[in-house]
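Let's walk together through the charged pairs and the cysteines of a protein chain. Have the sequence and the 3D view at hand, and follow along at your own pace.

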Amino acid sequence: MRRGFFRDSIVLVSGATGTGKTLMVTEFMAGGIRKEERCLLLAFEESREQLFRNAHGWGVDFEAMEREGSLRVVCQYPEAISLEDALIRIKQLIRDHRPDRVAVDSLSALERVSSIKGFREFVIGLTSFIKHQDIAGLLTSTSATLMGGASVTEAHISTVTDSIILLRYVEINGEMRRGIAVLKMRGSRHDKDIREFSIDGAGMHVGRPFRNVVGILAGNPTQIPLGEIERVSDLFQRE
Ligand SMILES: Nc1ncnc2c1ncn2[C@@H]1O[C@H](COP(=O)(O)OP(=O)(O)O)[C@@H](O)[C@H]1O
Ligand SMILES: [Mg+2]
């Protein structure tokens with residue numbers, strides 16, 4: 001299995017609020033900086049202070065990275081700008097900073113201030129520009145419901161992305177856990193499991209696949225009782 005992202009490929013990270021989208025963006029940027037790549041983060045949901053505080057909580061020092069020059073973080077309230085102007089500004093930022101990686105967190109914040117047509121034109125304009133510049137892109141999208149299910153907008157966005165990472169809350173025995181799955185990955189083999197992950201002061205840790213659980217992606221995880229499986233296998237053994 002090939003790990004990581006390709007250049008000129010675009011990944012969409014989709015999940016409800018608090019599932020870890022900004023954390024993925026933070027790790028995408030930090031991973032680029034570690035490889036001495038130039039990174040541009042366009043944030044439309046959080047203030048600079050909040051973004052830097054969160055990154056610090058995951059062990060990532062955005063301030064030092066910006067001082068060093070390879071990272072540029074631009075925070076903008078979407079209400080303050082039209083999507084046409086936003087696209088022009090983003091293209092200019094890309095020309096000025098010449099990043100190898102660009103992250104947009106989140107598209108949903110931009111969607112709220114636009115018509116469906118305007119938003120779709122923005123997404124197509126942005127993704128085709130990123131691809132032509134040989135840049136790896138990470139876009140986030142906030143699912144409306146807490147437990148899952150992709151929105152119509154996400155269906156639109158997904159047609160222009162190369163892969164989709166789903167972040168989901170998974171409720172098992174009344175306990176909230178976190179799941180991650182990769183939906184499609186053009187030109188590479190990938191892990192088809194839904195894996196459990198955890199978040200701590202060092203970031204994201206991907207663990208083992210969920211077993212005996214179905215319906216996670218649809219948003220209604222159901223545990224297959226182990227007892228039933230054992231009874232079924234007992235039946236086979238008797239035959
Ligand atoms: N240092 C930390 N240790 C453990 N969990 C944390 C830490 N910092 C943030 N979190 C949790 O990480 C989760 C993901 O946050 P975030 O990436 O901002 O979500 P999203 O962008 O999807 O709304 C949140 O549920 C938050 O409570
Ligand atoms: Mg976020």
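Is Arg177 buried, partly exposed or exposed? Arg177 is partly exposed, with a relative accessible area of 23%. Please keep in mind that this is a predicted model, so the values here are computed from predicted coordinates.

Now look at the partner of Arg177. This arginine forms a salt bridge with Glu196, and the closest N and O atoms are 2.9 Å apart. Arg177 sits in strand β7, which covers residues 175-185, while Glu196 belongs to strand β8, residues 195-200, so the salt bridge ties together parts that are 19 residues apart in sequence. Glu196 is partly exposed, with a relative accessibility of 23%.

Let's move on to another pair. The side chains of Glu45 and Arg112 meet in a salt bridge, at 4.0 Å from N to O. This pair links distant parts of the chain, 67 residues apart. Glu45 lies in the loop between β2 (39-43) and α2 (48-57), and Arg112 in the loop between α5 (107-111) and α6 (116-132). How accessible are the two ends? Glu45 is partly exposed, with a relative accessible area of 33%, whereas Arg112 is exposed, at 60%.

Next, turn to Glu37 and Lys35, whose side chains meet in a salt bridge at 3.9 Å, N to O. Here a buried residue pairs with an exposed one. Glu37 counts as buried because its relative accessibility is 14%, and the cut-off for buried is under 20%. Lys35, on the other hand, has a relative accessible area of 56% and is exposed. The pair does not stand alone: Lys35, Glu37 and Arg101 are linked in a network of salt bridges.

The pairs visited on this walk are among the seven salt bridges that the structure holds. As a general point, side chains of opposite charge can pair when their charged atoms come close.

Finally, what about the cysteines? A disulfide is a covalent bond between the sulfur atoms of two cysteines. How many disulfides does the structure hold? The count is zero. Two cysteines are still worth finding in your viewer. Cys39 is buried, with a relative accessible area of 0%, while Cys75 is partly exposed, with a relative accessible area of 28%.

How values were computed: Residues numbered from 1 in each chain as written. Chains lettered and ligands numbered in written order. Predicted model: local features only at pLDDT ≥ 70, side-chain atom pairs only at ≥ 80, totals over all residues. Heavy atoms only, no water. Disulfide = S-S within 2.5 Å. Buried < 20%, exposed > 50% of the residue type's maximum accessible area, 1.4 Å probe, protein only. Helix = DSSP H or I, 4+ residues; strand = E, 2+ residues; numbered from the N terminus.
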